[in-house]
Structures are given as C-alpha cells and as structure tokens.
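Let's walk through this protein together, one stretch of chain after another. Have the model open so that you can follow along.

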Amino acid sequence: MDRGDGSIKYILSGEGAGVVFTIDDTTGDIHAIQRLDREERAQYTLRAQALDRRTGRPMEPESEFIIKIQDINDNEPKFLDGPYVATVPEMSPVGTSVIQVTATDADDPTYGNSARVVYSILQGQPYFSVDSKTGVIRTALMNMDREAKEYYEVIIQAKDMGGQLGGLAGTTTVNITLSDVNDNPPRFPQKHYQMSVLESAPVSSTVGRVFAKDLDEGINAEMKYTIVDGDGADAFDINTDPNFQVGIITVKKPLSFESKKSYTLKVEGANPHLEMRFLNLGPFQDTTTVHISVEDVDEPPIFEPGFYFVEVPEDVAIGTTIQIISAKDPDVTNNSIRYSIDRSSDPGRFFYVDITTGALMTARPLDREEFSWHNITVLAMEMNNPSQVGSVSVTIKVLDVNDNAPEFPRFYEAFVCENAKAGQVRQSVKCARWFTSNINDCYR
C-alpha cells in the first residue's frame with residue numbers, strides 16, 4: 001500500500017517506544033536511541049501501525065512484534081559469596097575437599113560461551129588445587145602440618161568464554177585454616193624433677209608440678225597424668241590442671257620425716273584422645289621421674305603463698321628479680337628470716353635468692369629449648385635457730401623468644417633448562433626448625 005509518496009505515516013507504541021526505540025514515520029525504519037543491555041532487559045514488545053497521513057485513519061490493523069536483544073560478552077564472572085573462609089584438618093589426604101566456590105556470569109548461558117566459566121588457582125599452589133568446572137577446592141600436598149603453617153590465602157580466578165583468550169575474569173580470596181589433629185605425642189622436657197615437701201603439709205596440698213609438652217592444641221593437647229611406679233604412689237597423688245595441662249602432685253596422706261625422708265615417683269603423661277591413623281607417630285605418652293624430699297618440721301617459717309608460679313622470658317638478663325619470696329616466723333618471737341635455695345632442686349644453679357629480702361633472681365642465662373620448666377625449692381631459715389627451716393616450691397616457666405635460626409637439613413641442587421619460562425617451579429627447599437612459629441622465617 002505504501003507507494004513511497006509520503007502519504008502513509010508510521011507510528012510506534014508499546015515497551016520502550018519513544019524512549020528506547022523510535023520509528024521514522026515516513027519509511028517505517030525502527031532505530032534504537034539508547035544503549036541496550038540484555039542483562040537489564042532481554043526483549044521488548046512493541047506495536048506499529050500505518051495511518052493515512054492526511055486523514056489519520058488506520059490503513060490496516062495494528063501489528064505487534066518482539067525485539068530480542070542478542071547477548072555479547074560484556075559481563076565478567078563474579079563471586080557473590082566471596083571472600084570465603086574454610087577449614088580442613090591438617091595431614092588430610094591429597095584430594096580432600098575443602099570448599100566449593102561459585103562464580104556467576106550475567107551473560108546469556110544459552111548463547112555462545114559468554115557465560116561458560118572455567119576456574120583456576122592463581123595463588124595457593126602447591127598446597128591446594130581447584131576443579132576447573134565445579135570450583136571445588138581440594139588439598140594437593142601430602143602431610144600438611146598445622147604446627148608448621150596454619151593459615152593459607154588462596155586466590156581463585158573464574159574466566160568466561162571457556163577460559164579462552166579474550167574472556168573476562170573475576171577473582172576471589174579463600175582463607176583456609178588447617179584444623180588440629182592429634183599427630184604430635186607429648187614429651188617431658190625434663191626427665192627428672194626435684195621437689196620437696198614439709199612433713200606437716202596437709203593432705204591435698206600441692207607439692208609441685210610436672211609438664212609434658214604437646215605441640216597440638218585443644219582436645220588434642222589434653223593430658224592425663226598418672227603415677228605408674230615408684231615408692232610414693234601411696235603417699236602422693238597427681239591431677240591434671242585443665243587450664244595449663246600440667247600435672248599437679250599433691251599429698252595423699254600425712255607424711256612423717258622420721259618414718260621416710262624421700263620418695264621417688266614415676267609419672268606418665270598421656271593423651272586421652274587418640275586418632276587411630278596417627279598411632280604410628282607415637283607412643284602418645286611419656287614418663288618422667290620425680291624425687292620428693294620430705295623436710296623435718298619444728299615450727300619453721302611459713303611461706304605466703306604456699307606455692308609460686310613464675311613466668312619469665314628466656315632472654316632475661318642475669319641478676320633480674322623475677323619474684324619476691326616471702327616467709328614469716330609463726331612463733332611469737334618472730335625471728336628474722338634468711339633465704340636460700342635448695343641446691344638439690346636447682347643443680348644447674350640457674351637462680352639465686354637474696355638472703356634477707358627473698359628476691360629470687362636469675363644467676364645464669366636461661367634457655368627454654370634446654371629447660372622450659374624449673375621446679376626449685378626456696379628455703380627460709382630462722383636466723384636465731386637454723387634448725388627451723390621452711391620451704392616453698394617455685395615453678396618457673398621459661399617463655400620462648402626467637403633466638404634460634406632456621407637450618408637447612410641438606411644441600412640442594414637444582415637444574416633448569418635454558419628455555420624455561422618465568423615462574424616455573426624448579427626446586428622446593430624446606431628448613432628444619434623445632435620451635436618456629438612462622439613458616440616465613442624459613443625463607444628469610
């Protein structure tokens with residue numbers, strides 16, 4: 001009907017008419033007048049009609065048609081739930097699933113590869129890997145030890161266009177923590193403890209403490225102490241301090257210096273919660289010997305408090321006062337007190353106590369890696385009656401400082417091809433350090 005003489009006028013109505021689309025009223029050509037975004041709106045329903053330009057009467061019934069927006073790759077994949085936090089047990093087998101990450105692409109999944117996402121790992125190798133299709137992160141290295149390195153930051157990339165060149169990419173961070181398992185047996189750093197106790201000590205009073213060190217944490221580091229041998233099993237008992245996991249030796253029955261002056265205990269420290277797959281790393285118990293001297297009582301000076309627990313860093317300067325030990329004469333005469341250390345409890349002479357003030361000081365350099373605990377006995381003697389002597393147990397915990405350099409266990413030799421690409425791993429080196437707290441120390 002349109003003879004091209006301009007007698008017909010075309011009009012457009014419906015979704016987006018006049019805003020997104022316009023029509024040439026002479027030719028009927030439809031144009032887009034705004035940028036189109038398929039992810040915002042995928043199609044528009046419009047109506048068009050031809051009118052007689054002179055009379056305005058319709059030349060035919062109104063027609064409806066749909067404009068569909070064809071997709072292009074203009075949206076990168078996004079991790080809507082990132083960053084992620086995940087936990088996996090240490091020493092897990094290779095291939096253990098850690099977490100699944102998911103990236104979404106707003107492009108049309110039914111058209112081309114614009115929304116076809118492929119996952120890859122940018123940071124976190126060789127410890128972890130990611131499934132390129134599912135985004136499942138798995139362990140990739142055997143015997144990952146929490147005590148060596150606990151935290152890992154893994155960066156995952158999602159790339160559309162099936163990972164092909166030119167595709168758009170997005171990244172996310174996955175913070176992975178190794179949870180503890182019971183893979184470290186307890187060990188006593190001291191194989192012999194020297195303690196003393198007054199014969200007047202009441203039942204249930206504390207004699208001293210022993211400690212079996214366990215590198216694990218939480219339930220895996222819980223300790224159960226037992227007296228397994230010795231001639232003092234009927235005179236003394238041992239219980240576990242749930243806060244510090246130390247064994248507290250207490251008086252089980254009244255003692256008599258005249259009947260028996262010393263006792264020997266064989267104490268065992270054991271993990272009550274074992275994991276069958278790590279039993280080959282055991283045994284998960286250790287023993288130590290405790291020698292307890294019973295001291296005679298004739299109204300000796302009394303210490304307040306009756307036990308001292310002191311924490312001191314291993315790099316403390318010689319002569320530093322670490323604790324003031326205080327005793328008093330319970331008698332009415334209130335004689336002056338003179339202090340000293342029972343040298344049988346401090347054979348290495350690491351400590352010194354001021355004779356008049358009771359100031360306990362260091363006499364030698366301390367080394368936590370050699371002795372992390374000291375159980376010494378401080379004596380208080382009446383100046384006017386040297387036979388009246390009181391004693392108190394002082395447990396000293398030596399705190400760690402970073403005074404040990406990492407060591408490489410062997411010589412490494414690596415070969416590299418002359419055409420090797422930048423970033424290729426040619427050799428991994430590891431350093432051995434018993435008490436390192438940061439694996440990064442190994443690479444300084």
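The unreviewed UniProt entry carries the annotation "domain: Cadherin" for four stretches: residues 2-79, 80-188, 189-303 and 304-408. What you have on screen is a predicted model, so please treat it as such when you look at these spans. In residues 2-79, 37% of the span is strand and 0% is helix, and the C-alpha atoms at its two ends lie 54 Å apart. For residues 80-188 the end C-alpha atoms are 50 Å apart, with 39% strand and 0% helix.

Now compare the record with the domain assignment. Here the protein is divided into domain 1 (8-68), domain 2 (78-179), domain 3 (192-295) and domain 4 (298-443).

Let's pause at domain 3 and domain 4, whose C-alpha centres are 20 Å apart. How many residues of each are in contact? On the domain 3 side there are 11, and they meet 14 residues of domain 4. Together the two domains bury about 1,200 Å² between them, and carbon and sulfur atoms give 54% of that area. What holds for charged pairs across this interface of domain 3 and domain 4? The rule finds 0 salt bridges there. Polar contacts, on the other hand, link 4 residue pairs between domain 3 and domain 4, counting pairs with both residues at pLDDT 80 or more.

Which elements of domain 3 give two or more residues to the side that touches domain 4? They are strand 13 (192-198) and strand 14 (206-211). Strand 13 gives the most, with 5 residues. By residue class, this side of domain 3 has 6 nonpolar, 2 polar and 3 charged residues.

Finally, a few details of the backbone deserve a visit. Go to the loop between strand 5 (63-68) and strand 6 (84-89), where you will find P83. The peptide bond leading from G82 into P83 is cis, with omega near -5°. Further along the same side of strand numbering, M91 sits in the loop between strand 6 and strand 7 (97-100). M91 is not a glycine, yet its phi is positive, at about 65°.

Another cis peptide bond joins E304 and P305, with omega about 0°. To find P305, look in the loop between strand 20 (302-303) and strand 21 (307-313). In the UniProt annotation, one of the "domain: Cadherin" stretches covers residues 304-408.

Conventions: Residues are numbered from 1 along each chain as its sequence is written. This is a predicted model: local features need pLDDT of at least 70, side-chain atom pairs count only at pLDDT 80 or more; totals for chains, interfaces and linings use all residues. Side-chain values use heavy atoms; hydrogens and water are left out. Domain bounds come from an automatic or database domain assignment. Contact means heavy atoms within 4.5 Å. Buried area is the accessible area (1.4 Å probe) that two parts lose on being put together, summed over both. A salt bridge is a side-chain nitrogen of Lys or Arg within 4 Å of a carboxyl oxygen of Asp or Glu. A polar contact is a pair of N or O atoms within 3.5 Å; within protein, one must be able to donate a hydrogen and the other to accept it, and residues adjacent in sequence count only if both atoms are side-chain atoms. Helices (H or I, at least four residues) and strands (E, at least two) are DSSP runs, numbered from the N terminus. Ala, Val, Leu, Ile, Met, Phe, Trp, Tyr, Cys and Pro count as nonpolar, Asp, Glu, Lys and Arg as charged, and the others, Gly among them, as polar. UniProt positions are given in the numbering used here, feature names are shortened, and annotations may be inferred rather than shown by experiment.
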